[in-house]
Amino acid sequence: MMNQARSILKEYFGYDHFRKGQEDIIQHLLNGENVVGIMPTGGGKSICYQVPAMLFPGLTVVISPLISLMKDQVDALTEVGIPATFINSTLHHEEVQERVYDIKNGHYKLLYIAPERLEADYFMDILKEVTISFIAVDEAHCISQWGHDFRPSYAKIGYMINKLSETPLVAALTATATPKVHEDICHLLHIPWENTVKTGFSRENLSFSIIKGQDKGKFLESFLKKNKDESGIIYAATRQEVEKLYDRLSKKGYSVSKYHGGMSDLQREAEQQAFIKDDVSIMIATNAFGMGIDKSNIRYVIHYQLPKNMEGYYQEAGRAGRDGLPSKCILLYSAQDIRIQRFLIDQTINDPDKQKQDIDKLQSMINFCHTEDCLQEYILHYFGEEHTEKCGQCSNCTDERSVINVTVDAQKVLSCMIRMGERFGKTMIAQVLTGSKNKKLIDFHLDRIKTYGLMKERSAKEISDFIEFLISEQYIDVSSGSMPILKVSNRGKEVLLGKETVERKEQVVTVKVSENNALFEYLRSIRKQLAEAENVPPFVVFSDQTLRSISLTMPVTHEEFREIKGIGDHKLQKYGDIMIEHIIKFKTNQHELSIGEDSNTAELDTNREKRVKKSVENSHLLTLDLWKSGLTIKEIAKERELNVQTVENHLLRCGEEELIVDWSTFLKPEEQAMISDAIQKVGSDKLKPIKEELPDEISYFMIKVAIMLEKRKQKILH
Ligand code: ADP
Ligand code: MG
Ligand code: ZN
């Protein structure tokens, strides 16, 4: 049976192997045992019931709490050739009738329903008439009051199982592993505790970073500029902040959508769809966004503000990289944001015990931002995993920034605070240090203290940022009143006494989350077109992972195409020919299709299709500009995301058009003479035979340059 399961995995889903947890879960089911599977988000829980569903007779019912997810899941199954459907409140009565009819006739292998359906007796009666051999309970933590998304209707599942004419197998799947939730699941769904399959919670493809002591807005923009074509989520703590960021980024021309509790359902749905379908690349949202989002090609999740606890944080950050490709989770820390979370706790929670609990959780979140140990390990320890290893890729594991000693500056700030009586906020302290003539300052006689104007060579903004850094490193405490007042902390006092030095790391530079080649970019636009034609999200057609493999291996036969991870028989049939056609077109015509865009000056244009189609007649001129500015070929290739050969071809073309006259950096006169000899000897301009005549140091590019120069000379002579 396990072999059959593997061939289904290959044939339909295009994967060669089960992941460890998947195999164990499926083995239990094949043995006829109920099972609980606990795996992190992105761990691959769906396969655990979708593959067995194909092996068991009759219908598999999947209970899923999220209506928005059902359609995507069913679309994804249909795309791989598995007959599946859903019934929920979004359908008209007639549609439901039709689907019920088809279910009774054995049309489908999987049926997705929301738990609320089980409350309706007529629906239960329908299920009684159908052979149901297997029930999969997705997001099974919803069954427990101890979970974070309790859904009372989930309690009906046990009742339903008893009502069916034959007792089905049950699998429960969740990413929540607390013992109480686990117990409830086993108890309410009649699953023996020992039939639990639990995999580790680490997500190897995610790299976590904390950015602190740095201007958040600047960091964000520099990051987005480098990653504007990738999908990502930016989480903010409040609706106001979401709106603010949305306005700022959309004015700057970024392709953004927004999502928060203050918007109408309709508006939210529209924004979410635009994001899922890759019509826009950036989603700015409060934590209201994300439940039921299975979008697999999210390349980064940025927390623009401190989240309220680690549970929420890991769930949100975990939405990055479901497809297994490397993805970034970045938290922008500023001590001020602690106050926002404290305020929210104070305002919304009355029960003192609950308040205390939430404050403790917030403290763990803050500690996460200050730890110097591996961030991934901190997360795993928080969730109760004991045996862990350093991840080697988080901002603490990889920190290579140089350290600057700023003790003297810190002493200036701290002693100024003391002299001001520790009664003021950041702005006033900065003004005193710069020697401002602000009226309020004069009224308080602050211009008479010794530290007035002590740092007048700096701007108020610079000092403000520096104070922010001292807060984040806990040299300064912030009181939590309506007006934040700064006080020197115990740690700060040590600095004033000269017992502690203050070190500041240089700023973190932003990076591209994903290096895509030109073929990937091209195929991404093709994927978008195919998805639009099918009315499904692009990642349902191919995941980024699959698209990436295609762009690297460039398959041109059905056999080669079938080898790609994520391509099953159905996708091969459906998309094989058209993709192969585009790959060949690209290969033979790469020059024409390479995307011409200068990342510094081009407008932020997310309409990729337009861009790909846009004639790239002048692409070589952009390359020329960069070359003239002193970049090497390799650097140009990196900057423009082209491969080295394309850049070389651009330069050659510039040579033909006599835009570059002096080639001495590439070709010395004696080398040119040597190549000319070889050309004479071989008697043609076939590259390979010429190359074979010459020493290894002479590259193809040098030969091409020599030939180009030769031709130009001929042209001038005639
Ligand atoms: P979960 O429900 O646990 O969050 P999903 O079922 O949505 O995770 O799967 C996450 C991703 O992993 C999907 O893109 C899926 O195609 C991929 N995946 C699942 N199983 C495998 C496998 N055995 N090999 C490769 N990719 C897999
Ligand atoms: Mg899932
Ligand atoms: Zn690490």
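This dialogue walks through how to read a zinc site, a ligand site and the confidence values in a predicted model.

Biologist: Before looking at any detail, what is the mean pLDDT of the protein chain, and how many of its residues reach 70 or more?

Modeller: Since this is a predicted model, confidence is a sensible place to begin. The mean pLDDT of the protein chain is 89, and 95% of its residues reach 70 or more.

Biologist: Where does pLDDT stay under 50, and how should I read such a place?

Modeller: Where pLDDT is low, the predicted coordinates should not be read in detail. Here that concerns residues 591–616, over which pLDDT stays under 50, although the model has 55 contacts beyond four places in sequence for them.

Biologist: Turning to the metal, which residues coordinate the zinc ion (ligand 3)?

Modeller: The sulfur atoms (SG) of Cys-374, Cys-391, Cys-394 and Cys-397 coordinate the zinc ion (ligand 3), at 2.3 to 2.4 Å. Along the chain, these donors follow the spacing C-x16-C-x2-C-x2-C.

Biologist: What geometry does the site of the zinc ion (ligand 3) have?

Modeller: For four tetrahedral donors, the ideal angle at a metal is 109.5 degrees. In this structure the angles among the four donor atoms are 102 to 122°, and the site of the zinc ion (ligand 3) is tetrahedral.

Biologist: Why does Cys-391 count as partly exposed rather than buried?

Modeller: Buried means under 20% relative accessible area, and Cys-391 counts as partly exposed because its relative accessibility is 23%. Cys-397 is also partly exposed, with a relative accessible area of 28%.

Biologist: How many residues surround ligand 1, and which are the closest?

Modeller: Ligand 1 is surrounded by 15 residues, of which the closest are Tyr-15, His-17, Gln-22, Gly-42 and Ser-46. A polar side-chain atom of Tyr-15 lies 2.5 Å from an oxygen atom of ligand 1, while a backbone N or O atom of Gly-44 lies 3.0 Å from an oxygen atom of the ligand. Taken alone, ligand 1 exposes 570 Å², and the protein buries 85% of that.

Key. Residues are numbered from 1 along each chain as its sequence is written. Chains are lettered from A and ligands numbered from 1 in the order in which they are written. This is a predicted model: local features need pLDDT of at least 70, side-chain atom pairs count only at pLDDT 80 or more; totals for chains, interfaces and linings use all residues. Side-chain values use heavy atoms; hydrogens and water are left out. Donors are N, O and S atoms within 2.8 Å of the metal (3.2 Å for Na, K and Ca); water is not among the atoms, so sites may look incomplete. Four donors count as tetrahedral if all angles lie between 85 and 135 degrees; four count as square planar and six as octahedral if opposite donors are over 155 degrees apart and all others between 65 and 115; anything else is irregular. Buried means under 20% relative accessible area, exposed over 50%, partly exposed in between (1.4 Å probe, protein chains only). pLDDT is the predictor's confidence in each residue, from 0 to 100. Contact means heavy atoms within 4.5 Å. A residue is near a molecule or strand if one of its heavy atoms lies within 4 Å of it. A polar contact is a pair of N or O atoms within 3.5 Å; within protein, one must be able to donate a hydrogen and the other to accept it, and residues adjacent in sequence count only if both atoms are side-chain atoms. Accessible areas come from the Shrake-Rupley method with a 1.4 Å probe; for residues, only the protein chains shown count as cover.
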